[in-house]
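Visitor: I'd like to learn how to read a structure like this one. Could you walk me through it feature by feature?

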Amino acid sequence: MEQTELGKPETPETLDELIKMLHKIFESDHINVEEVQTIMESYKSKPQEWMKFAKYDQYRYTRNLVDIGNGKFNLMILCWGEGHGSSIHDHTDSHCFMKMLQGQLKETLFEWPDQKSQGEMVQKSERILQENKVAYINDSIGLHRVENNSHTESASSLHLYCPPFQTCQTFDQRTGHTNTVKMTFWSKYGERTPFETTASQENN
């Protein structure tokens, strides 16, 4: 890590350096969203550094724990096979940062459903997330769905959640009905977790 001119933030050259810088940032109780986003975006993805954490499943995307932070955040790599996607979901009052490591993902943003009406959820926007770019969302921004629309290429993304959460709500796009699901990890620190712990429905 080198200090750049004019007191600009250091640039992490490796994934390990990025993790150390994130630990330092999250020592504070105040989270500067732009600072975290800038630091994560400044790390240029190097597959040889993160492939040991990237575990794919034939049938669904996977959540692979990389670092539990200092108790204030966790860091994980999500691996998306061809055509894999999440359901529409919230983030349990947490900050969510998502950096593309490889491939592309489509993010679709939705309004929170009106509890009084039973109908199709309202779509706010959609965008394609490109390699090395960082997206941010929290519950005040809305709900989202993330998809790998490619039929030929997989995708990998680095996610930071602050604070970590164990459950989230998923939403039926047609009705807005919610379901609470437990968050589980396909692997931790590059090692497959016991099969029974991955049986629950997962989301990012």
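Guide: Sure. Keep in mind that this is a predicted model. Let's start with a side chain and its polar partners: the backbone oxygen of Ser87 sits 2.8 Å from a polar side-chain atom of His89.

Visitor: Which other side chain does His89 join through a polar contact?

Guide: That would be His91, with a polar contact of 3.4 Å between the two side chains. His89 itself belongs to strand S3 (residues 88-89).

Visitor: Is His89 buried or exposed?

Guide: Buried, because its relative accessibility is 0%.

Visitor: Now the nonpolar core. What's the general idea?

Guide: In soluble globular proteins, nonpolar side chains tend to be buried together. Here, the largest nonpolar core has 28 residues, and Leu22, Phe26, Met40 and Leu160 touch the most other members. Several elements give two or more residues to this core, including helix H1 (15-25), helix H2 (33-42) and strand S9 (155-162).

Visitor: Which element gives the most to this core?

Guide: H1, with 6 residues. For a close-up, take Leu22: leaving out residues up to four places away in sequence, Leu22 touches Val36, Met40, Phe73, Leu75 and Leu160. There's also a second, separate core of 21 residues, with Leu65, Ala135, Val181 and Met183 among them.

Visitor: How many disulfides does the structure hold?

Guide: The count is 0. To read this, look at the distance between cysteine sulfurs; a disulfide needs them within 2.5 Å. For Cys79, the closest cysteine sulfur is in Cys96, 16 Å away, so that's too far for a bond. Cys168 also has its closest cysteine sulfur in Cys96, at 10 Å, which is again too far for a bond.

Visitor: Are Cys79 and Cys168 buried or exposed?

Guide: Cys79 is buried, with a relative accessible area of 0%. Cys168 counts as buried because its relative accessibility is 2%.

Visitor: One last feature: how do I read a residue in a loop?

Guide: Check where it sits, how accessible it is and what it touches. Tyr189 lies in the loop between strand S12 (187-188) and strand S13 (191-192). Tyr189 counts as partly exposed because its relative accessibility is 45%.

Visitor: Which residues is Tyr189 in contact with, leaving aside neighbours within four places in sequence?

Guide: Phe53, Leu65, Val66, Asp67 and Ile68. Take Phe53: it is 136 residues from Tyr189 along the chain, yet their C-alpha atoms are separated by 6.3 Å.

Definitions and conventions:
Residues are numbered from 1 along each chain as its sequence is written. This is a predicted model: local features need pLDDT of at least 70, side-chain atom pairs count only at pLDDT 80 or more; totals for chains, interfaces and linings use all residues. Side-chain values use heavy atoms; hydrogens and water are left out. A nonpolar core is a set of buried Ala, Val, Leu, Ile, Met, Phe, Trp, Tyr and Cys residues joined through side-chain atoms within 4.5 Å. Buried means under 20% relative accessible area, exposed over 50%, partly exposed in between (1.4 Å probe, protein chains only). Helices (H or I, at least four residues) and strands (E, at least two) are DSSP runs, numbered from the N terminus. Contact means heavy atoms within 4.5 Å. A polar contact is a pair of N or O atoms within 3.5 Å; within protein, one must be able to donate a hydrogen and the other to accept it, and residues adjacent in sequence count only if both atoms are side-chain atoms.
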